[in-house]
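Reader: I am new to reading structures. Could you walk me through this one and explain the words you use?

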Amino acid sequence: MSHFPTFYLFFITGFEEPVSYHLLQTSSFHNHSWVHLSSGWLGELQIHRWNSSSDAIIYLYPWSRGNFSNRELVDLERFLRVNSIGIQEFYTDYFMSEDPFDLQIATGCELHSGKGFLGLKHVAIQGYEFMSFQNKTWSPSPEGGRKAQKVCKLLSQNQDYTQRLQRLLSDTCPRFTLGLLDAGKAHLQRQVKPEAWLSSGPSPGPGRLLLVCHVSGFYPKPMWVMWMRGEEEQQGTQRGDILPNADGTWYLRAILDVAAGEAAGLACRVKHSSLGGQDLVLHWAPPSALGWILLAVIVALALLTGLGFWFRKRW
């Protein structure tokens, strides 16, 4: 197992640990035909896709090749191709009676400072854990039953495959991951400031308001947002999931259910690494009476304009 000093990890990545690279593969057998879908993920960023028709890796970013040579990448593609063939043989031997059949495999490594890289391979069948591989050992899961025990025993006897998989997890994957982090440093360490705005959601009930704080367009992903009254955090704040935007940035919203008479004085506070310690603070301001009057005037003018066009067309 490789070991890397803590300072090297953060100098190269700027990431919170652990830093991981995982290859996710889903193989489905339905109506006597196979469909294989594979993707490569650096943390939560997809950087590779597998073209099953050409048996080649598709690199989604210019730096997705890391610092591997073309020969090393070809060897990696060859291993993935052999792995896909092995999946079909595995299915034929043990699950031929099942159609449809779904197999999920996660293979990769995580970098922990002080511990080096921890490599792991998980196999799930029909959505339940079947077996795993770590430190040269195949382990059946309880859900896999006797069939998983038998498969693990047979794989353990195949020393060539076991040793090659161990090298992939303990050597190839760590080197590839560190190369990716180095090559993609400018992209991965970028800082994009968030935009924030407030709105009200559907009323939770009579005399109550649903205050919504939207935060969008930020990178990296870690984000803190909270409804506040002065310096006091409002414990009723509910954060949604952090969702991806199409441009690779992130979106988050925080909502607060309050009595209408208690909304005055509330504010949404946003903290993010891109803000340089200068928090965004948005104060809740209910629509003023003047705002409602202007809205009514605009609606009335729109109706009058529409009636004018209708009469002109009719006469």
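Author: Happily! Strand E1 (19–30), E2, strand E3 (45–51), helix H2 (70–94), strand E5 (101–112) and helix H4 (159–183) each supply at least two residues of the lining of the largest cavity. This is a predicted model, where local features need pLDDT of at least 70 and side-chain atom pairs count only at pLDDT 80 or more, while totals for chains, interfaces and linings use all residues. Residues are numbered from 1 along each chain as its sequence is written, and side-chain values use heavy atoms, with hydrogens and water left out.

Reader: What makes a space a cavity?

Author: On a 1 Å grid over the protein atoms alone, a cavity is a set of points where a 1.4 Å probe fits but cannot get out; lining residues have an atom within 4 Å of a point. Searching the whole structure gives one cavity of 30 Å³ or more. The largest cavity holds about 270 Å³ of space, a volume being the space filled by probe spheres set on the points, which are joined across faces, edges and corners. Its lining has 19 residues, and Tyr21, Leu23, Leu76, Leu80 and Leu168 are the closest to its centre.

Reader: Why is Ser38 called buried or exposed?

Author: Buried means under 20% relative accessible area, exposed over 50%, and partly exposed in between (1.4 Å probe, protein chains only). Ser38 has 10% relative accessibility, so Ser38 counts as buried. Ser38 sits in strand E2 (residues 33–42); strands (E, at least two residues) and helices (H or I, at least four) are DSSP runs numbered from the N terminus.

Reader: And why is Ser141 called buried or exposed?

Author: The relative accessible area of Ser141 is 11%, so Ser141 is buried. Ser141 lies in the loop between strand E8 (137–140) and helix H3 (145–157). Setting aside neighbours within four places in sequence, Ser141 is in contact (heavy atoms within 4.5 Å) with Glu129, Phe130, Met131 and Ala148.

Reader: How do you know that the span of H3 agrees with what is expected?

Author: The expected span of a helix is 1.5 Å times one less than its number of residues. For the 13 residues of H3 that gives 18 Å, and the end C-alpha atoms are 19 Å apart, so the two agree.

Reader: Which residues of H3 are buried, and where do they lie around the axis?

Author: Ala148, Val151, Cys152 and Leu155 are the buried residues of H3. They cover an arc (taken from the directions from the helix axis to the C-beta atoms) of only 100 degrees, so they are on the same side of H3. Arg146, Lys150, Lys153 and Gln157 are exposed on the other side of H3.

Key
1 Å grid on protein atoms, 1.4 Å probe; cavity = no way out; pocket = protein on both sides within 12 Å on 5 of 7 lines; lining within 4 Å.
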